[in-house]
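User: Please take me through this protein chain, one question at a time. Keep the answers short.

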Amino acid sequence: MSEQNKSYSVEDLTSLEKLEPVRVRPGMYIGSTGQKGVHHCVWEILDNAIDEITNGYGDTAYVILNKDKSVTVIDNGRGIPVGIHPTKKISGVEMVYTELHTGGKFNHENYKTSGGLHGVGASVVNALSKWLEVEVHKDGKLYRQRFEHAYDKKYDRKMPGTPVTKLETVGTTKKQGTKVTFMLDPEVFTNVEFRFEIIDMRMMELSFQNKGITLVLKDLRGEEPLEKTYHSERGLLDFIAYLNESKTVIHEEPIHFEGERSIGNVTLEGEVCVQFTDSSLENIASYVNNIPTNEAGTHETGFKTGMTRAFKEWAKKLNLGKDKNFEGDDLREGMTAIVKVRLTNPMFEGQTKNKLGNSEAYTLMNDLAYTKFYEWIEDHKDIASQLIMNAIDAATRREKIKKISDMERKKVGKGTSPLAGKIAVATSRDKNVLEFIVVEGDSAGGSAKQARDRRFQAIMPSKGKIMNTEKQKLENVLGSEELRLFNTAIGTGTLTSFKLDDVRYGKIIIMSDADVDGYHIRTLWLTYIYRYMRPLISNGMLYLAQPPLYKVYKQTKKGEVHKYAYSDDDLEGLKKEFGQNYNIQRFKGLGEMNPDQLWETTLNPETRTLLRVTIDDAARAERMVSLLMGDVVEPRKNYIYKHAEF
């Protein structure tokens, strides 16, 4: 039968039962099946524990990384309900872990506010696990139930999250709370390794956001067990001191306020901590119900609007700047802010909850920020006046920079493009396939120009090290010839004038030597793009090329056989593979490689390895950039001594 005449009847329809939809489309629920998704599963179970604590039940939670690659999360909350549901005829534990959209978070009697996927987090983790075991300590009894990706008689096939035991009473206890241990399924995830430093930062953030609670992270995987406890008595005040550790602050005492606002049945509890530094860039870390909102949202926009309104009104009252106006961007220059809200019925854009969408949150946060900043300025007129004058200075600089940018655009319009002779352009005009490759040094740049596929790869040879943009004023950065060349080629603009739609390339690739200088060059470019063109990173368009360290080769009757090693571990593996009579070539830099080798190892999409740069945690990324690239030496020295092999 031809494809055109093939019938389409009810027998062709497929129905996914119970937790199967999660297994078939995991990205819809946890974002990805890479490292981000692996850790997202921990956050889902940990968020349940934190929800218990923040709603007044319990005060401590543990995350334990076990030797067998499983992870355990423990809390001392009320414990999941163990009774039999009147209509489902199964226990509360089984409902929570096998039914999507089951939980106590759909009304506000048990949880005023909550993070997590609102009743699907626990079941999603179960669906994506090889096995999961729950222990509940409740009313003097210890209950246990185990779930596995196993054969289910009812459906006559292997089903995710299948209960392989009933909920059993296995003992007595004096404790209260829930213990969940799960092993993520390697059939779903590319790598089920948990990274200590990612969980460490998340738990630190949670302790800062929820002052007075205790969190404990244990890592049992190494030869020596590692344990870290997190507890903050000052909350956001401790958090902002941590973020600004390597910055020079303008005022020692941060601006700190909290309050509550309501519209109809939506209530917002907000807490804000702000401190200005001598940096030329702003940094805002925002959270909703403990969830990091790395792509901001309505709460963050409301905060900005309310703050700008308050300062502008006071600028008129204090007769500062007279006819000289300033915008919110000017006011926020050098600001570090933490914006934390608890919200009933939050609506997030996307399942991984990076951006808040509630329009009410904008209105409520706008009003709260305006009122509280207005009151603060009234009591701190000297500091506020200094901040307003700084904003007026920033506005003057912005106008000057705009004139320079306009002149650059006019040059391009007249055909006097700054790209001419400096960048090897590609012939294609399809930005989805185009790659812009920044190559360290003229020598490697020359090889790359010969090696590239000129149809879709553009090459920009970088003159060694660009400036450290973390330490430079805005006008110096935007006045740098090399950075202007890069900006013109990419086409998006920078900072507030950045427009992703104007980007000319689908991939931006930094290609540097695999040595100390090469890593420094890479870090300088990453710092610049993170600070001035961050959406390139958040939209997954920035990559790091991975040049090889060694070539292992030997002569055979059919000619040379060779393979490349990208690490010392790779090299040891190739030595064993080649056996005897092989040769090793150590590449000291990209400039040592001939064009054929450079194409084969680093430029050819079929054979190369690229690392995509991501920002999974904005606060962690911010602290790392300012720590490693900022002015204050002592924290950087301490970090490098602690992580000498990073």
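**Strands, helices and a cavity**

User: Which residue is the bridge partner of Asp-152 in β5?

Analyst: Strands here are DSSP runs of E, at least two residues, and helices are runs of H or I, at least four, both numbered from the N terminus. Strand β5 covers residues 157-163 and runs antiparallel to β4, joined by five bridges. In β5, Asp-152 has as its bridge partner Arg-157.

User: What kind of model is this, and where does residue numbering start?

Analyst: This is a predicted model: local features need pLDDT of at least 70, side-chain atom pairs count only at pLDDT 80 or more, and totals for chains, interfaces and linings use all residues. Side-chain values use heavy atoms, with hydrogens and water left out, and along each chain, as its sequence is written, residues are numbered from 1.

User: In the hairpin of β4 and β5, which residue takes a positive phi?

Analyst: The two strands have four residues between them. The positive phi there is near 55 degrees, and it belongs to Asp-156.

User: How many bridges pair β3 with β4?

Analyst: Two strands pair if DSSP finds at least two bridges between them. Strand β3 spans residues 129-138 and β4 spans 141-152. His-137 has its β4 bridge partner in Leu-142. The sense is antiparallel, and the bridges number eight.

User: In the hairpin of β3 and β4, what is the phi of Asp-139?

Analyst: Two residues lie between these strands. Asp-139 takes a positive phi, near 50 degrees.

User: Which residue of β6 is the bridge partner of Arg-144?

Analyst: β4 also pairs with β6 (residues 168-172), antiparallel, over four bridges. In β6, Arg-144 is matched with Glu-168.

User: Is strand β2 mostly covered or mostly open, and how many of its residues are buried?

Analyst: Buried means under 20% relative accessible area, exposed over 50%, and partly exposed in between (1.4 Å probe, protein chains only). Strand β2 runs over residues 71-75. It is mostly covered; of its five residues, the buried ones number four.

User: Which strand do five bridges join to β2, antiparallel, at residues 177-184?

Analyst: β2 also pairs with β1 (residues 60-65), antiparallel, over five bridges. There, Ala-61 has Asp-75 as its bridge partner. At residues 177-184, Thr-181 stands opposite Thr-72. The strand asked for is β7.

User: Why does Leu-65 count as buried?

Analyst: Leu-65 lies in strand β1. Contact means heavy atoms within 4.5 Å. Leaving aside neighbours within four places in sequence, Leu-65 has contacts that include Phe-194, Phe-196, Ile-199 and Leu-217. Leu-65 counts as buried because its relative accessibility is 1%.

User: How far apart in space are Leu-65 and Leu-217?

Analyst: In sequence the two are 152 residues apart. C-alpha to C-alpha, the distance is 8.0 Å.

User: What is the relative accessible area of His-39?

Analyst: His-39 lies in helix α3, residues 35-54. Beyond its neighbours within four places in sequence, His-39 contacts Glu-193, Phe-194, Arg-195, Ile-198 and Ile-199. It is buried, at a relative accessible area of 2%.

User: How many residues of helix α14 are buried?

Analyst: Helix α14 covers residues 481-490, 10 in number. Among the buried ones are Leu-483, Leu-485 and Phe-486. Just after α14, Gly-491 takes a positive phi of about 90 degrees. The helix is mostly covered, with a buried count of eight.

User: What is the strand order of the open sheet of five strands?

Analyst: The pairing in this sheet is mixed. In order, the strands are β18-β17-β19-β20-β24.

User: What angle does helix α12 make with β18?

Analyst: Axes are lines fitted to C-alpha atoms, for helices over the stretch in contact, and angles run from 0 to 180 degrees between N-to-C directions. Helix α12 (residues 442-451) lies across β17, β18 and β19. With β18 it makes about 165 degrees.

User: How many residues lining the largest cavity are charged?

Analyst: The lining includes Lys-247, Glu-282, Glu-470, Arg-531 and Glu-622. Asp, Glu, Lys and Arg count as charged. One lining residue is nonpolar and two are polar, while the charged ones number five.

Technical notes
1 Å grid on protein atoms, 1.4 Å probe; cavity = no way out; pocket = protein on both sides within 12 Å on 5 of 7 lines; lining within 4 Å.
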